[in-house]
Amino acid sequence: MRFSYQYARLTKTAYDVYTERAGVCRDFMHLAVTFCRCLHIPARCAAGYLGDIDVPPYPLPMDFSTRFEYTLTIAGMRSMLVIISPDSGVF
């Protein structure tokens, strides 16, 4: 998957992201939430500034970002919340 602002558009669907293999963080989040929900894994989207990761905003504030969160229950163990965002290196 390629990340670039030139691939962003308001009408892009999860299917578009999957077939075009390009987009911005909100597109990747949309695709990831879609995959999770197809597998009956509870998932949601979240938004915030990358500055939320304890990086000082110098010289300029960091960019706005989206991420997705999903919850897993493994072998009867407690559910755990996993947060995936572009700054984690997953995308």
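**Rings in a predicted model**

Visitor: Which residue has its charged end over the ring of Tyr18?
Guide: Keep in mind that this is a predicted model. A charge counts as over a ring if CZ of Arg is within 6 Å of the ring centre and within 35 degrees of the ring normal. Here the charged end sits 4.5 Å from the centre of the Tyr18 ring, and it belongs to Arg21.

Visitor: How many aromatic pairs are there?
Guide: Rings pair if their centres lie within 6.5 Å. By that rule, the count is three.

Visitor: Are the planes of Phe3 and Tyr5 stacked or edge-to-face?
Guide: Their ring centres are 5.3 Å apart, with 75 degrees between the planes. Planes over 60 degrees apart count as edge-to-face. So the Phe3 and Tyr5 pair is edge-to-face.

Visitor: Is Tyr5 buried or exposed?
Guide: Exposed takes over 50% relative accessible area. Tyr5 has 53%, so it goes down as exposed.

Visitor: Which residues form one aromatic cluster with Phe3?
Guide: Phe3 itself is partly exposed, at 44% relative accessibility. The others in its cluster are Tyr5 and Phe28.

Visitor: How many residues apart in sequence are the parts that Tyr18 and Phe35 tie together?
Guide: These two make an edge-to-face pair, 6.0 Å centre to centre and with 90 degrees between the planes. Tyr18 is partly exposed at 41%, and Phe35 is partly exposed at 42%. Tyr18 lies in helix α1 (residues 14-20) and Phe35 in helix α2 (residues 25-38), so the pair links parts whose separation in sequence is 17 residues.

Conventions: Residues numbered from 1 in each chain as written. Predicted model: local features only at pLDDT ≥ 70, side-chain atom pairs only at ≥ 80, totals over all residues. Heavy atoms only, no water. Phe/Tyr/Trp six-rings, centres within 6.5 Å; stacked < 30°, edge-to-face > 60°. Buried < 20%, exposed > 50% of the residue type's maximum accessible area, 1.4 Å probe, protein only. Helix = DSSP H or I, 4+ residues; strand = E, 2+ residues; numbered from the N terminus.
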